[in-house]
Amino acid sequence: SALIARGYGYPITGIVDQEWAKWTGRFAANWTPKLDFTDQTLLYASFAHGYKGGGANPPGALFATYDKTDVTNVAHPLTFKPEFVNAFELGTKNTLLDGALTLNGDIFYYDYKAYQISEIVDRTSINLNFDATVKGAEVEATYEPLLGLKFNFAGGYDKTRLANGSQAIDLMD
């Protein structure tokens, strides 16, 4: 589509001048209590504030028309916002039965502001922003009753949600 446009290329759709600089960080607390029913236990909690810079979307595709103008330009959002996340996690790591059993588990909650999602539109990828949440839990266990015989289990549950009113069109489906 770009070859049939005047000037043989994409037109200038705007000048983008962006600069992104934000503080991020993580706080974690660990505690190793002495418990009668475990060989060793670690309890932990963490909070992290993350950031991913925004950017510019590519210009829209050009399509030939048969009226007074030669081409039309599909409008895409010129830019997309930076993404922020506040992540909370609580968990435990345990060793039991003289080291034969390990049992670990955690729960987490992520709160995204302007989560960046890519969407294919007109043979190119553009980025959109949505608020979203993720919450879930994970558990893993390893049991070695005999030397050389080991059983592993790992499982998780996630529940994700875009904020009410969020919408995008999946043109491929």
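Two strands are taken to pair if DSSP finds at least two bridges between them. In this predicted model, strand β2 (residues 40–52) and strand β7 (residues 83–96) meet that criterion, being joined by 13 bridges and running antiparallel. Within this pairing, threonine 41 has asparagine 94 of β7 as its bridge partner.

The chain as a whole contains ten strands and zero helices, so that its secondary structure, read along the sequence, follows the pattern β-β-β-β-β-β-β-β-β-β. Of the 173 residues in the chain, 24% are buried, and the accessible surface comes to about 12,500 Å², with 57% of that area belonging to carbon and sulfur atoms. Among contacts between residues at least 6 apart in sequence, 60% join residues that are at least 24 apart.

The pairing of β2 with β7 belongs to an open sheet of six strands, in which the order is β1-β2-β7-β8-β9-β10 and the pairing is antiparallel. Because β1 (25–31) and β10 (149–162) stand at the edges and have a single partner strand each, one side of each is left without a neighbour in the sheet. Neighbouring strands of this sheet are turned against each other by 15 degrees on average, with direction ignored.

In the part of the sheet that follows β7, strand β8 (residues 101–121) is joined to β9 by 19 bridges, and the two strands run antiparallel. Glutamate 119 stands opposite isoleucine 126 of β9 in this pairing. The two strands form a hairpin with two residues between them, and aspartate 122, in the turn, has a positive phi of about 55 degrees. A hairpin with two residues between its strands is also formed by β9 and β10, where glycine 148 in the turn has a positive phi of about 90 degrees. The strands β9 and β10 run antiparallel and are joined by 13 bridges, and the bridge partner of leucine 146 is leucine 149 in β10.

Positive phi values also occur at two residues that are not glycine, namely leucine 97, at about 55 degrees, and alanine 114, at about 60 degrees. The surroundings of these two residues can be described separately. Leucine 97 lies in the loop between β7 and β8 and, with a relative accessibility of 53%, counts as exposed because the cut-off for that class is over 50%. Alanine 114 is placed in strand β8 and has a relative accessible area of 12%, so it is buried under the cut-off of 20%.

A search of the whole structure finds two salt bridges. One of them is formed by glutamate 83 and lysine 52, whose closest N and O atoms are 3.9 Å apart. This pair links distant parts of the chain, with glutamate 83 in strand β7 and lysine 52 in strand β2, 31 residues apart. Glutamate 83 counts as buried at 9% relative accessibility, whereas lysine 52, with a relative accessible area of 41%, is partly exposed. The other salt bridge is formed by aspartate 111 and lysine 113, with the closest N and O atoms 3.6 Å apart; lysine 113 is partly exposed, its relative accessible area being 41%.

Both residues of the latter pair, aspartate 111 and lysine 113, are touched by phenylalanine 84, for which the contacts also include Lys22, His49, Gly50, Tyr51 and Tyr112 when residues up to four places away in sequence are not counted. Phenylalanine 84 has its place in strand β7 and is partly exposed, with a relative accessible area of 23%. Between phenylalanine 84 and tyrosine 51, which are 33 residues apart in sequence, the C-alpha to C-alpha distance is 4.6 Å.

On the surface, a nonpolar patch of about 500 Å² is made by Leu97, Tyr143, Leu146, Leu149 and Phe151. At least two residues of this patch are supplied by each of the strands β9 (124–146) and β10. One of the patch residues, phenylalanine 151, is found in strand β10 and is partly exposed, with a relative accessible area of 47%. Another, leucine 97, comes from the loop between β7 and β8.

Technical notes. Residues numbered from 1 in each chain as written. Predicted model: local features only at pLDDT ≥ 70, side-chain atom pairs only at ≥ 80, totals over all residues. Heavy atoms only, no water. Helix = DSSP H or I, 4+ residues; strand = E, 2+ residues; numbered from the N terminus. Axes fitted to C-alpha atoms, helices over the stretch in contact; angles between N-to-C directions. Salt bridge = Lys/Arg side-chain N within 4 Å of Asp/Glu carboxyl O. Buried < 20%, exposed > 50% of the residue type's maximum accessible area, 1.4 Å probe, protein only. Patch = residues over 30% accessible without salt bridge, like charges linked within 9 Å, V, L, I, M, F, W, Y side chains within 5 Å. Areas by Shrake-Rupley, 256 points an atom, 1.4 Å probe, with all protein chains shown as cover. Contact = heavy atoms within 4.5 Å.
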